[in-house]
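Colleague: Could you take me through one part of this model in some detail? I'd like to start with a bit of strand pairing and then move on to the ligand surroundings.

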Amino acid sequence: MEQNTDGNMAQVRHVVLVLSGKGGVGKSTITTELALALRHAGKKVGILDVDLCGPSIPRMLSIVRSDVHQCDSGWVPVYTDAQKTLALMSIGFLLEDPDEAVVWRGPKKTALIGQFVSDVAWGELDVLLVDTPPGTSDEHLAVLENMKKHSSIDGAILVTTPQAVSTGDVRREITFCKKTGVKILGIIENMSGFVCPHCSECSNVFSKGGGEELAKLTGSVFLGSVPLDPLLSSSLEEGKDFIQSFPNSATFSAINSICQTLLNNLEID
Ligand SMILES: Nc1ncnc2c1ncn2[C@@H]1O[C@H](COP(=O)(O)OP(=O)(O)OP(=O)(O)O)[C@@H](O)[C@H]1O
Ligand code: SF4
């Protein structure tokens with residue numbers, strides 16, 4: 001589906017929200033790895049980080065202390081590479097200290113999200129991933145309202161862990177999508193099993209399969225599961241591209257398979 005867009009969103013073909021019912025389930029991790037996998041598949045990708053209180057993506061992509069510049073049409077996003085295949089806009093770039101806590105009231109957050117949606121000069125992108133805060137908040141509504149003014153949203157990906165799946169949070173997220181008319185593109189189960197750093201064997205320390213069951217129950221697509229992999233967390237800590245570093249790992253296969261399913265669902269060649 002090609003987007004009906006205007007302004008800075010005019011050349012952004014697909015917009016996908018990344019949601020989670022709870023914090024800490026790996027939403028930013030999945031956003032980052034999906035972006036890297038999409039780039040690996042030859043796509044031009046952008047990430048809009050509207051997790052205003054915990055902007056972790058600049059660190060995960062090792063571009064923490066980058067400056068945002070202005071151009072005639074707005075803010076130029078920060079690119080991870082000279083070929084400009086992966087672009088990021090995050091509040092983290094606008095803070096003097098990247099570890100500074102953002103304690104803002106709703107209207108100020110909503111205004112910044114409005115600017116993020118309209119004023120970032122993305123240029124041509126195949127996919128824009130929007131990393132949102134956990135739960136459903138004013139920020140989510142602000143993203144939806146502002147996106148609808150300039151673009152159309154393809155849908156949302158829901159990230160959960162095997163434990164979080166049994167809580168009400170993820171169901172509330174599904175209800176939010178239904179009420180706001182956002183299509184659920186699929187559910188991803190993160191931290192699904194543990195990959196041993198010594199022998200690469202995957203053990204099911206916690207339960208597994210809840211994400212798939214939830215997808216069946218709610219009539220959603222199950223996009224796949226990503227194991228808890230110490231090599232993935234150390235890559236994220238060091239801001240290294242896991243996909244480039246471990247192309248033969250089971251975790252890469254899992255992320256890549258989710259990426260391919262997403263490309264198929266969005267009908268991107
Ligand atoms: N599959 C995984 N394997 C190893 N570590 C992981 C995995 N997924 C997430 N992590 C680690 O778990 C921590 C939390 O992940 P992340 O910041 O992505 O969560 P989040 O859901 O975006 O949190 P929040 O929205 O509350 O900021 C990070 O340190 C990340 O490196
Ligand atoms: S999975 Fe095997 S190698 Fe890994 S910690 Fe357990 S026993 Fe050791």
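How many bridges join β2 to strand β6 (residues 86–90), and do the two run parallel or antiparallel?

Modeller: Keep in mind that this is a predicted model. Five bridges join β2 to β6, and the two strands run parallel. Within that pairing, Leu-48 has Met-89 of β6 as its bridge partner. β2 also pairs with strand β7 (residues 125–131), again through five bridges and again parallel. There, Leu-48 stands opposite Val-130. So Leu-48 is a handy residue to click on, with a partner in β6 and another in β7.

Next, burial. β2 covers residues 45–49, and five of its five residues are buried. In a regular strand, side chains alternate between the two faces of the sheet. For β2, that puts Val-45, Ile-47 and Asp-49 on one side and Gly-46 and Leu-48 on the other, and both sets are buried.

Now for α1, which spans residues 27–40. At 1.5 Å a residue, its 14 residues should span 20 Å, and the end C-alpha atoms are indeed 20 Å apart, so the length agrees with expectation. Of those 14 residues, 13 are buried, which means the helix is largely enclosed by the rest of the structure. After α1 comes Gly-42, with a positive phi near 90°.

Two residues of α1 deserve a closer look. Lys-27 sits in this helix and counts as buried because it has 27 C-beta neighbours inside 10 Å, where 20 or more is the cut-off. Setting aside residues within four places in sequence, its contacts are Val-18, Ser-20, Asp-131, Pro-134 and Val-159. For a sense of scale, the C-alpha atoms of Lys-27 and Gly-181 are 21 Å apart, with their positions 154 residues apart in sequence. Ser-28 is in α1 too, and its 25 C-beta neighbours inside 10 Å make it buried. With residues up to four places away left out, Ser-28 touches Asp-51, Ser-56, Ile-57, Met-60 and Asp-131. Asp-131 therefore turns up in both contact lists, for Lys-27 and for Ser-28.

That leads to ligand 1. It is surrounded by 20 residues, and the closest are Gly-23, Gly-26, Ser-28, Thr-29 and Ser-233. By class, the shell holds seven nonpolar, ten polar and three charged residues. The elements that each supply at least two shell residues are α1, β9 (184–195), β11 (222–228) and α7 (230–238). β9 and β11 also pair with each other: they run parallel and are joined by five bridges. One of the matched pairs is Ile-187 with Phe-222 in β11. Six of the seven residues of β11 are buried, so that strand is largely enclosed as well.

The annotation fits into this picture too. An unreviewed UniProt entry marks a "binding site" over Gly-21, Lys-22, Gly-23, Gly-24, Val-25, Gly-26, Lys-27 and Ser-28. Gly-21 belongs to the loop between β1 (12–20) and α1. It is buried, since 24 C-beta neighbours fall inside 10 Å. Beyond its sequence neighbours up to four places away, Gly-21 touches residues including Pro-134, Thr-160, Asp-169 and Arg-172.

Ligand 2 makes a good contrast. The residues around it are Cys-196, His-198, Cys-199 and Glu-201, which come out as two nonpolar, one polar and one charged. Cys-196 and Cys-199 carry a "binding site" annotation in the unreviewed UniProt entry. Cys-196 lies in the loop between β9 and β10 (202–203), and Cys-199 is found in that loop as well. Cys-196 is exposed, with 11 other C-beta atoms within 10 Å, and Cys-199 is exposed with 7. Leaving out residues up to four places away, Cys-196 touches Glu-201 and Ser-203. So the two annotated cysteines are exposed, whereas Gly-21, Lys-27 and Ser-28 are buried.

Definitions and conventions:
Residues are numbered from 1 along each chain as its sequence is written. Chains are lettered from A and ligands numbered from 1 in the order in which they are written. This is a predicted model: local features need pLDDT of at least 70, side-chain atom pairs count only at pLDDT 80 or more; totals for chains, interfaces and linings use all residues. Helices (H or I, at least four residues) and strands (E, at least two) are DSSP runs, numbered from the N terminus. The expected span of a helix is 1.5 Å times one less than its number of residues. A residue is buried if 20 or more other C-beta atoms lie within 10 Å of its own, exposed if 12 or fewer, and partly exposed in between; C-beta atoms are placed from the backbone. A residue is near a molecule or strand if its C-beta atom, placed from the backbone, lies within 6 Å of it. Ala, Val, Leu, Ile, Met, Phe, Trp, Tyr, Cys and Pro count as nonpolar, Asp, Glu, Lys and Arg as charged, and the others, Gly among them, as polar. Two strands pair if DSSP finds at least two bridges between them. UniProt positions are given in the numbering used here, feature names are shortened, and annotations may be inferred rather than shown by experiment. Two residues are in contact if their C-beta atoms, placed from the backbone, lie within 7 Å.
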